[in-house]
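Colleague: I am new to this fold. Could you walk me through it, one feature at a time?

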Amino acid sequence: MRCRNLATGLVSSLIAVLPVLGMPQLTEFLAVNDTVYPDGEGVFFDWIEIHNPEAGDLDLGGYFLTDDDQNLTRWTFPSPTVIPAGGYLVVFASSDSTPPDGELHTNFKLSGGGEYLGLVAPDGQTTIDQFAPTFPQEFADISYGRNGSGDLRYFFNPTPEAANGDG
């Protein structure tokens, strides 16, 4: 019985961190951004990268980002927010209420100590992708996310708005 519970727990853990195939993916984030990628005003906020693996454009309008698994509708993507086919989008996690024109800034920041991060469907209930139960501790200017094989890695050379290396 103990082995069965362990196997069930492992499968549940894997499902909690694997993206839904064919859907937008949380591919990389930087929770301690000191010098890597500034916003339009030159401020180094935390950032989150979303990838559209589909062959067609994807409008994220009405989807949600959250750092709280008990509040899945924490921040809503405005409509339209289009990611081109195969493209990437960076959203700053700044809690900035007046972001520069044309930029997306969430109403929350990321914790360098680790926390939940999720992308949620427009129904406000279906988690599309997540780092759960929490992502690991983060370090200055080292991003975290999935490499091309889907393995979770730290990236010493962050690649906002581009495919990740091996990590």
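Modeller: We take the sheets, then one strand, then a few unusual backbone spots.

Modeller: First, the ground rules. This is a predicted model, where local features need pLDDT of at least 70, side-chain atom pairs count only at pLDDT 80 or more, and totals for chains, interfaces and linings use all residues. Residues are numbered from 1 along each chain as its sequence is written, and side-chain values use heavy atoms, with hydrogens and water left out.

Colleague: How should I read a sheet, and which strands form the one with 5 strands?

Modeller: Start with the terms. Strands (E, at least two residues) and helices (H or I, at least four residues) are DSSP runs, numbered from the N terminus. Two strands pair if DSSP finds at least two bridges between them. Here, 5 strands make an open sheet, ordered β7-β2-β1-β10-β11, with antiparallel pairing. At its edges are β7 (88-93) and β11 (152-155), each pairing on one side only. From one strand to the next, the twist averages 25°. For such angles, axes are lines fitted to C-alpha atoms (for helices over the stretch in contact), and angles run from 0 to 180 degrees between N-to-C directions.

Colleague: What is the order of the sheet with 4 strands?

Modeller: That open sheet runs β5-β4-β8-β9, and its pairing is antiparallel. β5 and β9 stand at the edges with a single partner strand each, so one side of each has no neighbour in the sheet. Between β8 (residues 117-120) and β9 there are 4 bridges. L117 stands opposite F131 in β9.

Colleague: Back to β1. How many bridges join β1 to β2?

Modeller: β1 and β2 (residues 46-51) pair over 5 bridges, in the antiparallel sense. One facing pair is L26 with I50 in β2. Strand β1 (residues 25-30) is also joined to β10 (residues 143-146), by 2 bridges, and these two run antiparallel. F29 stands opposite Y144 in β10, and the bridge partner of E28 there is G145.

Colleague: Is β1 enclosed or open to the outside?

Modeller: Buried means under 20% relative accessible area, exposed means over 50%, and partly exposed is in between (1.4 Å probe, protein chains only). In β1, 6 of the 6 residues are buried, so the strand is largely enclosed by the rest of the structure.

Colleague: In a regular strand, where do the side chains point?

Modeller: They alternate between the two faces of the sheet.

Colleague: E28 is found in β1. What is the nearest side chain of opposite charge?

Modeller: It is R146, 11 Å away, and the buried E28 has no salt bridge. Lys and Arg count as positive and Asp and Glu as negative, while His and the chain ends are not counted. A salt bridge needs a side-chain nitrogen of Lys or Arg within 4 Å of a carboxyl oxygen of Asp or Glu.

Colleague: Which side chain makes a polar contact with the side chain of E28?

Modeller: A polar contact is a pair of N or O atoms within 3.5 Å; within protein, one must be able to donate a hydrogen and the other to accept it, and residues adjacent in sequence count only if both atoms are side-chain atoms. The side chain of S143 makes one with that of E28, at 2.6 Å. A polar atom of the E28 side chain also lies 3.0 Å from the backbone nitrogen of T159.

Colleague: Now the backbone. What is usual for phi and for peptide bonds?

Modeller: Most residues other than glycine have a negative phi, and most peptide bonds are trans. In this model, a cis bond joins S79 and P80, with omega about 0°. P80 lies in the loop between β5 (75-76) and β6 (82-83). The bond from A132 to P133 is cis too, with omega near 0°. P133 sits in the loop between β9 (127-131) and β10.

Colleague: Where is D141, and is it buried or exposed?

Modeller: D141 is in the loop between β9 and β10. It is buried, with a relative accessible area of 17%. Its phi is positive, about 60°, although it is not a glycine. A polar atom of its side chain lies 2.8 Å from the backbone nitrogen of D34.

Colleague: What is the phi of E161?

Modeller: It is near 70°, a positive value in a residue other than glycine. E161 lies in the segment after β11 and is partly exposed, at 44% relative accessible area.
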